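Work through the exercises below with the model open. Try each task before reading its solution.

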Amino acid sequence: MRVLGIESSCDETGVAIYDTERGLLGQALFSQVDMHAQYGGVVPELASRDHVQRVLPLLRQVLEEADTRPEQLDGVAYTAGPGLAGALLVGAGVARSLAFGWGVPAVEVHHMEGHLLAPLLEEHAPVFPFVALLVSGGHTLLLDAKSLGDYAILGESVDDAAGEAFDKAAKMMGLGYPGGPRIAALAEKGTPGRFRFPRPMTDRPGLDMSFSGLKTFTLNTIHDLGGKEALSEQDQADIALAFEDASVDTLIIKCRRAMEQTGYKQLVMAGGVSANRSLRARLGEQMKKRGVELFYPAPQYCTDNGAMIAFAGALRLQAGESAELPIKVRPRWPLTELAGL
């Protein structure tokens with residue numbers, strides 16, 4: 001089965017073609033980061049308009065790269081949620097129109113299931129069941145992934161997602177958008193131990209998380225140093241390191257508890273924050289001590305992309321699933337509402 005995947009949930013337009021026998025045949029991605037950076041975050045209307053401009057040129061590029069004609073496709077997968085409503089509608093409208101014109105089925109893909117399944121694109125892939133840590137700008141979840149589509153939430157952030165907290169902390173320091181990569185780069189120059197930030201909700205049982213308190217602690221630390229304008233580059237680096245350490249420690253502690261609770265020996269980590277090198281190294285070290293194997297996608301599949309949508313869509317199409325009319329998108333869509341296959 002050869003499937004076209006379209007991702008347009010937020011600020012990246014992704015298109016890819018996945019073949020269930022030959023693997024990923026082609027992909028293209030356009031990021032709107034430069035456009036949104038001048039506003040300090042994603043502007044939904046601008047995001048939607050840019051998807052309209054980008055999706056068809058990217059589609060032509062991917063068809064050529066994959067040496068694929070439309071009549072060779074067996075289906076079209078698209079992100080139906082969660083995400084920005086206008087942005088989702090662009091991808092959904094294009095995908096359903098193409099599927100109708102080509103006479104092939106279309107299938108809705110849950111954006112976070114796409115992230116969850118992204119590590120399965122690698123040669124050495126996990127097998128169900130496993131624990132999944134999904135960390136992105138909009139979501140932070142710990143899941144019991146029993147089988148494709150059968151997911152139970154073990155814990156989640158009760159306020160900001162980890163990626164969102166990274167972005168907001170960076171904004172407080174005047175680092176711009178997106179903040180996660182900037183904080184990670186600065187943290188490498190930080191002085192260990194100069195600041196120690198709290199590890200929220202780690203002193204109580206359970207797997208829920210909180211990251212809003214880290215923002216408040218960051219803001220108070222900046223004020224104690226005389227405000228954003230008074231920060232030296234070393235101050236910024238030391239704050240970045242303390243913030244990153246606290247976030248990573250919180251995620252590690254919760255992952256350890258999840259592995260103990262489920263008894264599983266595989267942990268999957270996915271989403272934009274999973275590209276953080278400190279998180280990968282330290283979580284991998286902690287899991288190895290406990291006999292747990294850690295899986296995560298290649299860096300290009302950590303952020304939003306069409307490959308994960310094409311792959312997830314192919315699995316669901318193979319299972320006989322397809323989308324019906326009318327076209328619907330779901331800005332809010334709990335993973336637990338997905339059908340198990």
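**Exercise 1. The sheet**

In what order do the five strands form the open sheet, and is the pairing mixed or not?

*Solution.* This is a predicted model.
Step 1: trace the neighbours. The order is 3-2-1-4-5, in an open sheet with mixed pairing.
Step 2: find the edges. Strand 3 (23–31) and strand 5 (106–110) each have a single partner strand, so one side of each lacks a neighbour in the sheet.
Step 3: take the twist. From one strand to the next, the average is 20°.

**Exercise 2. Strand 4 and its surroundings**

Determine how strand 4 pairs with strand 5, then identify the helix that packs on the sheet.

*Solution.* Step 1: count the bridges. Strand 4 (residues 75–81) and strand 5 run parallel and are joined by five bridges.
Step 2: pick one residue. Y78 has E108 of strand 5 as its bridge partner.
Step 3: look for the helix. Helix 3 (residues 85–102) packs on the sheet and touches strand 1 (2–7), strand 4 and strand 5.
Step 4: compare directions. Helix 3 makes about 160° with strand 4.

**Exercise 3. The two sides of helix 7**

Check the span of helix 7, then sort out which of its residues are buried and which are exposed on the other side.

*Solution.* Step 1: check the span. Helix 7 (residues 212–224) has 13 residues; from first C-alpha to last it reaches 19 Å, close to the 18 Å expected at 1.5 Å a residue.
Step 2: list the buried residues. They are L214, K215, T218, T221 and I222.
Step 3: place them around the axis. Their arc is only 125°, so they lie on the same side of helix 7.
Step 4: recall the general rule. An α-helix has 3.6 residues a turn, so residues three or four places apart point the same way.
Step 5: turn to the other side. There, H223 and D224 are exposed.
Step 6: find the cover. Helix 5 (162–172) and helix 8 (233–262) are included in what covers the buried residues of helix 7.
Step 7: step past the end. Just after helix 7, G226 has a positive phi of about 105°.

**Exercise 4. The cysteines**

Why does the sulfur of C255 form no bond with the closest cysteine sulfur?

*Solution.* Step 1: recall the bond. A disulfide is a covalent bond between the sulfur atoms of two cysteines.
Step 2: apply the cut-off. A disulfide needs the sulfur atoms within 2.5 Å.
Step 3: take the distance. The closest cysteine sulfur to that of C255 is in C302, 15 Å away, too far for a bond.
Step 4: check burial. C255 is buried, at a relative accessible area of 0%; C302 is buried too, at 1%.
Step 5: state the total. The structure holds zero disulfides.

Note on methods. Residues numbered from 1 in each chain as written. Predicted model: local features only at pLDDT ≥ 70, side-chain atom pairs only at ≥ 80, totals over all residues. Heavy atoms only, no water. Pairing = 2+ DSSP bridges. Helix = DSSP H or I, 4+ residues; strand = E, 2+ residues; numbered from the N terminus. Axes fitted to C-alpha atoms, helices over the stretch in contact; angles between N-to-C directions. Contact = heavy atoms within 4.5 Å. Expected span 1.5 Å × (residues − 1). Buried < 20%, exposed > 50% of the residue type's maximum accessible area, 1.4 Å probe, protein only. Arc of directions from axis to C-beta.
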